[in-house]
Amino acid sequence: MSEQTVSHPSTLQLILRSNGFLIGAGLTALFVLAALVSFIWTPYDATQMSIADKLKTPSAAHWLGTDHFGRDMLSMIMVGARVSMAVAFVAVGVGILAGVPLGLYAASKRGGLIDEIIMRGNDLIFAFPSLLLAIMITAVFGPGAVNAIIAIGIFNIPVFARLSRGAALSLWQREYIMAAQVCGKSKALISLEHILPNITNLLIVQGTIQFSLGILAEAGLAYVGLGAQPPLPSWGRMLNDAQTLISIAPHLALVPGLTIVLTVLGLNLMGDGLRDLLDPKLRRVKS
Amino acid sequence: MTLLNVQNLNLSIGNTPILKDISFELEAGRILGIVGESGSGKSITALSVLQLLPNGTTWDGDIKFDGGDINTLSEDDFCDLRGNDISMIFQEPMTALNPVQTIGDQVSESIRIHTGKSRKEADQLARETLNRVELPESEFPLSRYPHDLSGGQRQRVMIAMAIALQPKLLIADEPTTALDVTTQAEILELLEKLVREDGLSLMLITHDLAVVAQMADDVVVMKDGEIVEQGASIDVFSKMQHPYTQQLFSASNHVPDRAPHQQDDNDIVLSVEQVSCDYKLPKTHLFSKQQYFRAVDGVSFKIHRGENVGLVGGSGCGKSTLSRAILALKSLDEGHVLINGKTFSSSGKGPDLTQRAATQIVFQDPYSSFNPRHKVRRLITEPFYTKSEELTDAQIEVAVTEALESVGLKAEDGDKYIHEFSGGQRQRIAIARALIVKPSLIVLDEAVSALDVSIRAQVLDLLAELSDRFNLSYLFISHDLSVVRSITDRVLVMERGKIVETGPTQDVFENPQHAYTQSLIRAIPKLDIEEIRAKEKMT
Amino acid sequence: MLRYISKRLVSLSASLIVASILIFIVIEIIPGDPAAFMLGINADPDAVEALREQLGLNASLASRYFTWVTGLLQGEFGISYTYRVPVSELISDRIVISLPLTFYALVLSTLIAFPAGIYAASKRNSLGDVSVMGLTQLGVAIPNFWFAMLLVLVFSINLRWFSAGGFPGWDQGFFPAMKALTLPAIALALPQASILARVMRSSLLDTLSEDYIRTARAKGLNRRQALWRHALRNALIPVLTIIGLQFSFLLAGGIIIENVFYLPGLGRLVFQGITQRDLIVVRSVVILLVFAVIAVTFLVDIAYAIADPRLREGSR
Amino acid sequence: MNFNHLTSHKMRALAASCAVAAFMVSSTAHAMNTDVTIGMQLEPPNLDPTGGAAAAIDEVVYANVFEGLTRFGPDGSVNPALAASWDISEDGTVYTFKLNDGVKFHDGSDMNADDVKFSLDRARAEDSTNAQKALFAGITSVDVVDPLTVKVTLDKPNGSFLFNMAWGDAVIVAPETADNNASNPVGTGPFTFKNWAKGDAVMLTRNADYWGEAVKLENVTFKFISDPTAAFAAMMAEDIDAFPVFPAPENLAQLGADPRFEVVVGSTEGETILAMNNKKAPLDNIKVRQAITHAIDRQAIIDGAMFGYGTPIGTHFAPHNPDYVDLTAQSAYDPEKAKALLQEAGVSDLTLTLKLPPPSYARRGGEIIAAQLREVGIDTEISNLEWAQWLEQAFRGKDFDLTIVSHTEPFDIGIYARDDYYFQYGDADFKAIMDDLKGETDPAKRSALIAAAQQKIADDAVNGYLFQLARTGVANAKLKGLWENAPTQANDMTGVYWSE
C-alpha cells in the first residue's frame with residue numbers, strides 16, 4: 001500500500017508540455033479573435049455585393065476570393081465566425097444552465113421518482129433524431145439564429161444533465177459529503193458548495209466538446225436553410241450557396257468547409273488538452 | 001536449497017530511485033516475511049521478481065530462481081514461468097477477478113495456457129483446486145460469477161488460481177489487509193496449510209508486524225527502499241539491532257497512556273434505545289412484496305461523558321449502519337437516539353440543527369474526507385454551520401488557530417490545500433474539524449485503519465490526550481481489535497445486527513463470554529516475544 | 001435479468017407514449033394549411049374549405065390524436081394529404097432505403113472504429129496511436145454534408161466510379177442497390193467511426209489499468225492475450241451504449257445526406273412533408289424514427305444485461 | 001482534395017470492385033433508344049390535373065396522359081385536340097364542338113360527348129375542388145347533341161374560352177375513373193400511366209391503341225431531383241437524359257461546353273416581380289413605390305441570381321407575346337432619383353419586411369435587392385419561408401411589405417383586376433380595361449386594350465417588375481423534339497425522339 005506523493009508540476013509546465021492543447025487553443029483563439037475584430041474592421045463590408053467580380057479565386061485583393069454575389073469571402077468568414085460562435089456559445093450555455101441543475105437535483109434524489117422522471121426525459125430527447133426536432137422547431141417558429149440556438153440548446157440539456165448526474169452520484173459516496181451532512185447542511189447546499197465545484201472541470205471539458213458540436217450543428221441547420229438568415233453571413237449557408245458551384249468554383253465550398261473543420265478541430269484539441277491538464281491534479285495517485 | 005536469490009537489486013521508475021541495493025534469499029519450503037510501512041518499496045520488490053513492473057522502470061542486479069538466472073529471460077519464457085513456477089496474489093480481492101468471467105473459467109484458464117490440457121481436464125483440475133481452498137462444489141459451482149462472492153471467498157479463488165499448477169514460489173502482496181480479522185485468520189491458516197502440504201515457498205508482504213511474527217520463518221524489514229534488517233524471525237524479533245525495527249515493534253504494541261476515567265453515572269452523553277434499521281431488498285419481480293434486511297436489530301447502550309467506547313465486529317455486522325443511524329444520516333425504523341438527554345433522532349423525525357453541534361465524525365480514508373477545492377481553514381470551520389449565532393471573523397480565527405494547534409499543526413497551515421498534506425496530517429485535520437465546535441461525542445469510524453503503524457501510534461496518543469483535556473467521549477468503530485483494546489474503556493461486540501457482548505475492555509479481551517467474541521479474540525495475530533520463543537522450542 | 005428487462009420495457013414504452021403526445025402537439029402548431037398549399041396560388045377560398053372538410057382537418061384535436069394513435073397500433077398510419085395514398089405505403093417504399101443505409105453506415109463505422117481503437121490502445125502513445133487519434137480528431141471535425149459533397153465531386157463527377165445519387169431499387173439486385181448506398185454510407189459513417197474509435201480506445205485503456213489485468217498477467221498471459229481475453233470484453237460494455245446512441249445520430253444525419261444524394265428515404269419524406277404541410281406523414285415518420293431509436297436502445301440494454309453478468313440477477 | 005488516405009485498405013478494395021460494375025451498367029443505357037428519363041425539380045403532389053394547381057402535375061400528364069377539347073402548341077397557339085373542329089354562334093355565346101371518332105380511354109372505354117359534359121359540369125359544380133374554377137364560371141349549360149357533338153352555352157361572349165379549354169385543368173376525364181385519377185390517372189393521351197415510386201419517379205409507357213398520330217418513344221420516366229447539386233451531378237453522370245427546367249443556372253455554362261449535352265434557353269410565362277403591399281403604409285404612397293422601382297438594377301439581379309438567364313420586363317407581361325410593350329425605361333435603375341423621390345414622400349430610415357418563398361430566384365434575388373435597397377437608405381428584414389408559410393402569411397394573410405414571386409400562369413395580367421389579390425391593387429380604371437377586353441373579340445382592339453393595361457400598371461408602379469423567368473433546359477445532344485419555350489406548364493413528349 002505504498003503511497004508516493006508525487007510532486008505536483010505547476011500548471012504552466014503542464015500546458016507547455018501538452019502541445020495538443022497549444023495547437024487547439026491557438027486555433028480557437030484565432031477564430032474568436034476573427035469574430036471580435038469583425039465588429040470593428042473587416043477587409044470589405046461583408047454584405048457589399050459587386051456582381052461584376054463574382055466567383056474570383058483567392059487573390060491579393062481578396063485573400064479568400066469572392067462568392068457568387070461578388071462579396072469578399074474573408075469578411076464573410078469573419079462575420080460568420082461571430083454567428084457560429086454566438087449560436088454555439090449560447091446553446092452550450094442553455095445546456096449548462098438547464099442541464100446541470102437538473103442533473104445535480106436528480107443525483108441528490110438518487111433512485112427516487114424525480115430521478116427517474118428526469119432520466120426518462122433525457123432518454124426522450126436523446127431518442128429524437130437531433131436534426132428532426134430542430135427542423136420542426138424552426139418550421140413552427142420560422143428559421144433564424146435564435147431558433148437555431150433553441151434547437152441546439154435543447155440537445156445540450158440532456159448531455160449536461162446526464163454528465164453532471166453521473167459525476168455527482170460518484171461524489172455523493174465521498175466521505176466529505178457525509179461530513180457536511182453531519183453538519184446539518186441540506187442536499188441543495190451540499191450540491192452547491194461541494195459537488196458543483198468538483199465537477200466544474202468535467203463541465204469545462206464537455207463544454208468545449210459541445211461547443212464544437214454546436215458549431216457543426218449550426219452549420220448543418222444553416223445548410224438546410226434553417227440557421228441564421230440573410231443578410232447575416234453564416235458558414236453553413238455559405239456552404240449551401242457553394243454547393244451548386246462546386247465544380248466551377250471549388251474555393252467557394254472549400255473555404256467555409258475548411259474553416260469549420262479547423263475551428264471544430266481546434267476546440268476538440270483544446271478540450272482534450274484541458275481534460276489532461278485538469279484531471280491529474282484531482283485524481284489521487286493510486287498506489 | 002535457496003529457491004530465490006536476489007543480489008544488489010537497484011530499481012528506479014522514471015528518474016526517481018525506488019529500491020537501493022536489495023539482497024535477500026528465500027529457502028525452499030519456508031515462509032519469508034517482508035515487512036515495512038507504505039512507501040518502503042516492498043511491493044515493487046515482489047513485482048520485480050515476476051518482472052511485472054510498470055513501464056518506464058529501469059533496474060539492475062541479478063535474480064536467481066531455482067538455480068537459474070531469470071533476469072536474462074525473454075518475455076515469453078517469463079510468461080511460462082508466471083503462474084506455473086512463480087505465482088502471485090494481490091491485496092484488493094474485490095477488483096482482482098474479471099467480473100464478466102466465471103470463477104471456473106478464470107481458474108482453468110491458467111491451467112490451459114500452461115499445460116495445454118483439454119477444457120474438460122482443466123475444469124476437472126480447477127474443481128479439485130477450488131475444493132482444496134475450501135470452496136465446495138455445492139456452494140461454489142464453476143459457473144458462479146465473482147460479483148456475488150465475499151472478499152474472503154474471492155481471495156480463495158485467487159489462491160486457487162495461483163496454486164493450480166503447484167508452483168514452487170507463491171508471492172502474497174498484503175493478502176489479508178482488506179479483510180476483517182476472522183477472515184484474515186482463515187486465509188493465513190489456508191496459506192500455512194498449502195506451504196506444509198505442497199512444500200510451497202511463500203513470500204508474504206505486509207505492513208502488519210503481528211502477521212509476520214505469527215507466520216514468517218525469516219523476516220526482512222524494509223524502509224524507504226532499503227533493507228534495514230533481515231534474518232530468522234526469532235533472531236530479528238528478539239535482538240532487534242536496527243532502531244527502526246525497534247520503533248516499528250513498539251508502535252505496533254503501543255498503548256497510549258490515559259488518565260483513569262472517573263465515571264459520573266448520570267451525565268449520559270449518548271443513549272441509544274432499542275434502535276433498528278432496515279434496508280430495502282431488490283424486488284425479485286416487479287410486483288413482488290417488498291422484503292427488508294434488518295441491518296441493526298434492537299440495539300441499546302449508553303455512553304457517559306469522557307468515556308471511550310469501542311464497537312467491534314466482522315464486516316457486514318451492521319456497525320457502520322449503526323453509526324450512520326446515531327448521526328441521523330440514516331433514518332431509524334424503530335427506537336430513538338438521545339444526545340445530552342434530548343431526543344436527537346427517532347423513527348420518522350429528523351434531527352434539529354442545534355443538536356447537530358453535539359456530534360461530529362472522523363472517517364477512515366484521509367484522501368476522501370476533504371473537498372479538494374477548499375482551503376484547510378474553510379474545511380475545518382464547516383461545523384460552525386450548526387451554530388445558530390453568527391461568529392465574527394476574529395472569533396473564527398481564534399477557533400481555527402486553537403483547533404490546529406491542539407492537533408499539533410501550525411495556524412498558517414489553514415491557508416494550504418488538502419493535497420499538500422500526508423495521510424497522518426490529514427487525519428489530524430479531520431480531528432481538528434471535529435473538535436472545533438467542542439462536541440460532546442465524536443464518532444471515529446475506522447479512523448486509524450488507513451494509517452501506518454508509526455503514524456497510527458501518534459494519532460492514538462493525540463486522541464487520548466484530547467479526550468482527557470476536553471472530557472470528550474468517543475465511539476470508536478473498528479475491525480482492528482488491538483487498536484480498540486489500547487484506547488477504549490468499554491467495548492461492544494456486534495454480530496449480525498445485535499450487540500452480543502459488552503463490558504470493560506480488559507475483561508472482554510481477557511475472558512470473552514460469547515462464542516463469537518471468543519473467535520474474534522482468538523483470530524488476533526499475537527505479537528509478543530515469549531510466545532514466539534515458546535513456538536520455536538516446540539518445532 | 002428478466003426484472004431488469006421488464007423495468008426497462010416499462011420505462012421505454014412510457015417514453016414512447018410521451019413522445020407521441022409531444023410530436024402530435026408540436027406538429028399541430030406548425031402554421032400553414034395543407035389544403036391551401038395543395039390548391040396553389042390562385043385557388044379560390046371555398047375550394048380550399050371544401051378540401052379541408054374532405055381531409056377531416058376540421059375535427060377536434062383530441063379526437064384526431066386518438067384516431068391517429070389507435071391507427072398506429074394497427075400499423076395504419078392514415079392517408080397522406082398530398083399523395084392521397086396510405087402513409088404506410090409511402091413509408092414502406094422509403095424505409096427500405098433509410099434503414100439499410102443507417103445499418104450499412106453503422107456496420108462501416110464499427111468495422112473502421114474497432115480495429116483503429118484497439119490498435120491505438122494497444123500501442124499507447126506510440127506514433128501509431130497518435131496518428132490514429134489525429135485522424136479521428138479530423139473525422140469528428142468534418143461536417144458530413146461537406147464530406148458528402150466532396151465525395152460526389154471526386155468519385156461521381158471526376159472519377160465516375162459511382163452514380164451521383166438516386167437509388168435503383170432493390171429489385172434491380174442487391175449489388176447495384178448497395179453500390180448506390182456506398183458513398184452516402186461512407187459520408188454518414190466517417191464522423192461516427194471517429195467518435196466510436198475514440199470511445200473504444202479510452203474504454204480499453206481504462207480496462208487495461210484494472211487489477212484483473214494484472215492478475216491475468218501474473219497467471220502467465222502475455223500482453224496480447226490479456227487484452228483480447230480479458231480487457232476487450234469488459235471494454236465493450238460502455239461502447240455498446242455509444243453504438244446505441246449513434247443509431248439515433250445516423251438516422252438524423254441521414255436526412256441531410258439523403259438530400260445530397262437525392263435518395264428517396266424517410267429523411268426526405270419528412271422534409272417534403274414539412275414543406276408541403278403533409279402533417280400526417282410528418283407525424284407518422286417522426287414517431288416511427290423515435291420508435292426505431294427506442295427499440296435500438298432497448299436492444300442495447302438487453303445486450304448490456306447479457307454482456308455484464310452483474311446485471312443478471314440484481315437490478316441496476 | 002482527395003480523401004483516399006482516409007479509406008482503410010478494405011474500403012479501397014470495395015471501391016475498385018464497384019468501378020467495374022459502374023462501367024458495365026452505364027454503357028448499356030444507350031443501346032435501347034426508345035426510352036427517355038426526364039429530370040424534374042418538384043414532385044407532383046398527385047396526378048389529377050383537375051384536382052390540384054401544382055405546375056408539376058401538368059408537367060407530367062399534360063398532353064401525355066390527358067387531353068382536353070383544345071391544346072396549346074409549342075408556340076402557345078391553341079389547336080384542336082379531342083375536338084376535331086368547332087363553330088361559334090353569331091353572338092359568341094354558343095360553341096358547338098365536333099369530337100374525333102374512335103377515341104378510347106386507357107381502360108378501353110369510349111370517349112364521347114357524355115364524358116365531355118361530365119368533365120365540364122364536374123369542373124364548374126358548386127363543390128368542385130378544381131383550382132381554376134374561374135375558367136368555367138362563364139358556362140351556363142353543356143348539352144349532348146349526339147355521341148360526337150357537344151353544345152356549350154356561355155352567359156356572355158368570352159374571347160379566351162378556347163384558350164381556357166386548353167388549360168390542364170380542363171382535360172376530359174371519364175366518370176368511372178375520375179375520382180382516383182390522383183394516384184392512377186386514366187386519360188386519352190398517347191402514354192398510359194405505368195407506376196409511381198413516390199419521392200423518386202413516375203413511369204409512363206406508349207399507349208398501343210392511341211387514336212391520334214403514333215409517338216416514337218416506348219417508355220418515359222420523370223425523375224424528381226430537388227437538390228440543384230444533385231441535378232448537376234445526375235446530368236454529368238448521364239443518369240438523366242434531359243432536364244427541361246434546370247434548377248441551377250450557374251452550371252449551364254459548364255454543361256453547354258460539354259459536347260454530350262445541349263443547353264436550350266427558351267422563355268416561360270413566368271413574370272418575376274417584387275410585389276409591394278399597396279394598402280400598407282408607406283407603400284400606399286406611389287412616390288415610395290416609384291423610389292423602390294428606381295432603386296432596383298434589373299440586370300444585376302439577372303446576372304447575380306440567374307447567372308444572366310432572363311429578360312428584364314417593365315410591366316407584368318411576357319416579352320415573347322406579340323402584344324408586349326417594353327416599359328423598362330420608365331422604371332430604369334437610378335438611385336439618385338430614388339433618394340429624391342423618398343425625400344419628396346417625406347420618408348426616412350424606412351425598414352420593410354421582405355418575405356421570400358423557396359425558389360432560388362427569390363432567395364438569391366432577395367439578397368441582391370436587399371443590398372440595392374440598402375444603397376438608397378431602405379433597410380429590409382429578410383425571412384425565408386416555405387411555400388405553405390408564404391401562402392399563409394403573404395398570399396392569403398397579406399402580412400408582408402415586399403415579396404418576390406414568379407407568376408407562371410399564361411396571360412395572367414388579369415390578376416391586377418382582382419380586388420382581394422395579395423398586393424391589393426384593385427384600381428377601378430384598370431378593372432374597366434379588363435372588362436372591355438373580356439367582351440372584345442376583334443384582335444386589333446384586344447391588342448390596344450392589352451397595351452393600355454400594361455401601361456396602367458407600369459404608371460401606377462403597382463409592383464417592381466424584375467424579369468421574365470427563362471426556361472433553361474438541358475438535354476442530351478442526341479435527344480430531339482423537346483419544347484423550347486413553355487407557353488404553359490408542360491413536358492409534351494409526343495414529339496420527342498432519339499436522333500441517332
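Tutor: A crossing of two helices is left-handed if the near helix is turned anticlockwise from the far one by less than a right angle, and right-handed if clockwise. Keep in mind that this is a predicted model.

Student: OK, so which way does α5(C) pass α8(C)?

Tutor: The crossing of α5(C) with α8(C) is right-handed.

Student: What kinds of residues make up that contact of α5(C) with α8(C)?

Tutor: They split into 25 nonpolar, 4 polar and 1 charged.

Student: And how do people describe two packed helices?

Tutor: By the angle between their axes and the distance between the axes. Here, helix α5 of chain C covers residues 87-122, and helix α8 of chain C covers residues 174-208. Their axes come within 6 Å. They cross at roughly 35 degrees.

Student: New topic, chains. Which pair has the most contacts?

Tutor: Chains C and D, among the 5 pairs of chains that touch.

Student: What about chain B and chain D, how far apart are their nearest C-alpha atoms?

Tutor: 31 Å, and the two chains do not touch.

Student: Let's stay with chain D. How many helices and strands?

Tutor: Chain D has 13 helices and 19 strands.

Student: Why does its radius of gyration agree with a compact globule?

Tutor: Because a compact globule with 500 residues would have a radius near 23 Å, and chain D has 25 Å. Its C-alpha atoms fill a box of roughly 80 × 70 × 35 Å along the principal axes.

Student: How much of chain D is buried?

Tutor: Of its 500 residues, 49% count as buried.

Student: And what share of its contacts joins residues 24 or more positions apart?

Tutor: 69%, taking the contacts in chain D with a separation of 6 or more.

Definitions and conventions: Residues are numbered from 1 along each chain as its sequence is written. Chains are lettered from A and ligands numbered from 1 in the order in which they are written. This is a predicted model: local features need pLDDT of at least 70, side-chain atom pairs count only at pLDDT 80 or more; totals for chains, interfaces and linings use all residues. Axes are lines fitted to C-alpha atoms, for helices over the stretch in contact, and angles run from 0 to 180 degrees between N-to-C directions. Helices (H or I, at least four residues) and strands (E, at least two) are DSSP runs, numbered from the N terminus. Ala, Val, Leu, Ile, Met, Phe, Trp, Tyr, Cys and Pro count as nonpolar, Asp, Glu, Lys and Arg as charged, and the others, Gly among them, as polar. Two residues are in contact if their C-beta atoms, placed from the backbone, lie within 7 Å. The radius of gyration is taken over C-alpha atoms; the globule rule is 2.2 Å times the number of residues to the power 0.38. A residue is buried if 20 or more other C-beta atoms lie within 10 Å of its own, exposed if 12 or fewer, and partly exposed in between; C-beta atoms are placed from the backbone.
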